[in-house]
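Hi everyone, thanks for making time this morning. I'd like to walk you through one structure, starting with how its chains meet and then moving inside one of them. Here it is on the screen.

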2 protein chains.
Amino acid sequence: MQFEILVKDKNSKARRGELITAHGKIETPLFMPVGTQGTVKTLSPRDLLEAGVNMLLGNTYHLYLRPGAEEIAQFGGLHRFMAWDRPILTDSGGFQIFSLSQLRKIDQEGVEFQSHLDGSYHQLTPEKAICIQRQLGPDIMMTLDECLPYPSTREYARHSIDLTQQWAIRCLEQWLNSEPRYNYNQALFAIVQGGIFNDLREISAGNLSALNFPGYAIGGLAVGEPAEVRNQVTSLCTDILPGLKPRYLMGVGTPADILESINLGVDMFDCVIPTRNARNGTVFTNHGKLNIKGAAFKSDQDPIDRDCTCYTCKNFSRGYLRHLFNANEILGLHLATLHNVSYYIQLLGQARDHITTGDFTQWSKGQIESWRNQHG
Amino acid sequence: MQFEILVKDKNSKARRGELITAHGKIETPLFMPVGTQGTVKTLSPRDLLEAGVNMLLGNTYHLYLRPGAEEIAQFGGLHRFMAWDRPILTDSGGFQIFSLSQLRKIDQEGVEFQSHLDGSYHQLTPEKAICIQRQLGPDIMMTLDECLPYPSTREYARHSIDLTQQWAIRCLEQWLNSEPRYNYNQALFAIVQGGIFNDLREISAGNLSALNFPGYAIGGLAVGEPAEVRNQVTSLCTDILPGLKPRYLMGVGTPADILESINLGVDMFDCVIPTRNARNGTVFTNHGKLNIKGAAFKSDQDPIDRDCTCYTCKNFSRGYLRHLFNANEILGLHLATLHNVSYYIQLLGQARDHITTGDFTQWSKGQIESWRNQHG
């Protein structure tokens, strides 16, 4: 994997770059829709391509439990299983183990948990996390980390970053000492932890940086902490992490969160907000978000967003979408999701363009203020 | 509306034709997927076009109750509301009033019913059925008829065909004496009733034929009667109905039912089977139907049907589809529906081709036997 920074913004830490993966070149800053179970909910691969999506995130925890990593390998890997031939990043499964499953035991060796699907017992170690991701075949794999709840004590967080560091080393060794299952290389990103404690984030970011991973993620944020705290921790991390490596802020966020984080030097994002919100009827526009189920849209012949070029906005009215939600029609979920994902992709494209033209800070500030006013 | 018969089969009553509607020319025999609430469930208009769909059915009862016929008219009619610019046929609402709603009263004037959605009271008369369909704007409207339950007594059915005949006359007058709401003409088809009683079907088909409607439907079948009875009644009706007018067998059916009915001289079909079955995981193939949720398909790397050219079969395995259903992913419903609709459309295309090449009877017989053997 190669990463090249093409343009650096003069007024912020924002940068525009290119990431070359086994499944093609992608431009950063980049947003990855979440394809938890081998599909971005309600969208087919061709819908994703049309929305401009270049890279997806897959959830190792879900895929490992159902249908199973070796099952997916029998189909030729996740790309072929889901018919997506562009880049994929998978997480290590850690986050879902700590948030979804019944956690049984965590020690230096690894973590034991019970499946949220059937209560079956499983163990995940750093080595196994890499083996599973070798079976799945993403372009970018993630190290296994301990995901702290928010809030956590400083003492627990101090202990935790040591564990995350040891696990990162073991993942690195497993990665270096194992062959890809398919005929292409897979990169490995490490994850900075440390909760909201600056000194712990410094230690974690510094120690991981010394290991020279191909890329780095900032984990453990977007879990309930105030936005200012998240921004401050993010900024601290991007100051320490190697300047020439891609930086991925996991699980972030709203359109405003993303623009703020690009300002702070983040290159990659994933989040369920555009897809999950769409299924609740919440759609994003340049003039704020709105819930399409509202009675106010009953007779509204405008598209969701006049500025949007997606299939939904080019063909359907708010009134029609409201009808579909009101009548529990699946097409409503599909069209709203397609719009929201397209909206995010278009937003990131605008961000890249504004980095190139040199007015990113000004543009993003105006855009964020406009949303904040609309959101009341 | 114009209808032209291009080829007549020598060994059966099958015929190939062309129907020219306000929204374009369509080839018959033709299958119309059902778009009950202004959408064919899980499919967008571009999915339908890609599947080869040329004409849809809309349900007047559902659209009248939600979002409302005048509401749809405010959006420019059903075509624009749902972004479908090819032909649409709407039923009159009668069938759903008799099957879905709480029927309150039926007399010569019309029918009173309670909405299945909110219990609200409504009256539908022949005149109102036409007015509503003028608001919706389909290319083909249907007369209001009384839909008999199966079984019904001969006495009730005798009374009923008189009512259906009177209502057909009132619909015809309302149609002739009202202007289209939009800038194109709408055709009106009458519906033959009479249950499973040959003499009543003869009377109904004969009396309606005398009124010179642009087309005729055979109603009141596919409601539980044996297949032989349905075929016999269908054949009787197509013998009596005007030979140069299109014939539409409402609510039929399985692939085998459709081929049998084409043999009997039917030109148009609609049915929820391909869409509803898809959402239950049942998909159609040239070698019989199968339920994709079955454990047998867990590791199956083949497409649903190797002979099928649809997006689903060109890109996804049975194993992946099984995973999507197993994981309750909406994409599974979408891909299965897309396949089934494509399958029906391809089947009707083959039927038309075989009518042209002169071996329709032989081909359809072989196809039906092959399915019957597979279905056990």
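Let's begin at the contact between the two chains, where chain A puts in 29 residues and chain B puts in 30 residues. Please keep in mind that this is a predicted model.

Which helices of chain A supply at least two residues each to the side that touches chain B? They are helix H4 (78–82), helix H13 (318–326) and helix H14 (330–357). H13(A) gives the most to that side, with five residues. If you sort the chain A side by residue class, you get 12 nonpolar, 14 polar and three charged.

Now, how do the copies sit relative to each other? A turn of 180° with a shift of 0.0 Å along the axis lays chain A on chain B, and the RMSD is 0.0 Å. That is the relation of a two-fold axis. If you want to find the axis on the screen, look for A:Ile330: within chain A, its C-alpha is the nearest to the axis, at 3.9 Å. And 100% of the interface residues of chain A are interface residues in chain B too, so the copies meet through the same surface.

Let's move inside chain A, to a pair of helices. Helix H7 (residues 154–176) and helix H8 (residues 198–209) of chain A pack with their axes 10 Å apart, at an angle of about 10°. With that angle, H7(A) is roughly parallel to H8(A). Who makes the contact? From H7(A) we have A:Ala157, A:Arg158, A:Ile161, A:Thr164, A:Gln165 and A:Ala168, and H8(A) answers with A:Leu200, A:Ile203, A:Ser204, A:Asn207 and A:Leu208. By class, that contact has six nonpolar, four polar and one charged residues.

My last stop is a sheet. In chain A, three strands form an open sheet in the order S7-S8-S9, and the pairing is antiparallel. Why do S7 (102–106) and S9 (121–124) of chain A each have one side without a neighbour in the sheet? Both stand at the edges with a single partner strand each, so one side of each is left free of a neighbour there. On average, neighbouring strands of this sheet are turned by 25° against each other, direction ignored.

Zooming in once more, strand S8 (residues 111–114) of chain A pairs with S9(A) over four bridges, in the antiparallel sense. If you'd like a place to look along that pairing, A:Glu112 stands opposite A:Gln123 in S9(A).

That's my tour, and I'm happy to take questions!

Key: Residues are numbered from 1 along each chain as its sequence is written. Chains are lettered from A and ligands numbered from 1 in the order in which they are written. This is a predicted model: local features need pLDDT of at least 70, side-chain atom pairs count only at pLDDT 80 or more; totals for chains, interfaces and linings use all residues. Two strands pair if DSSP finds at least two bridges between them. Axes are lines fitted to C-alpha atoms, for helices over the stretch in contact, and angles run from 0 to 180 degrees between N-to-C directions. Two residues are in contact if their C-beta atoms, placed from the backbone, lie within 7 Å. Ala, Val, Leu, Ile, Met, Phe, Trp, Tyr, Cys and Pro count as nonpolar, Asp, Glu, Lys and Arg as charged, and the others, Gly among them, as polar. Copies are superposed by least squares on the C-alpha atoms of residues with pLDDT of at least 70 in both. Angles under 35 degrees count as roughly parallel, over 145 as roughly antiparallel, 65 to 115 as roughly perpendicular and the rest as oblique.
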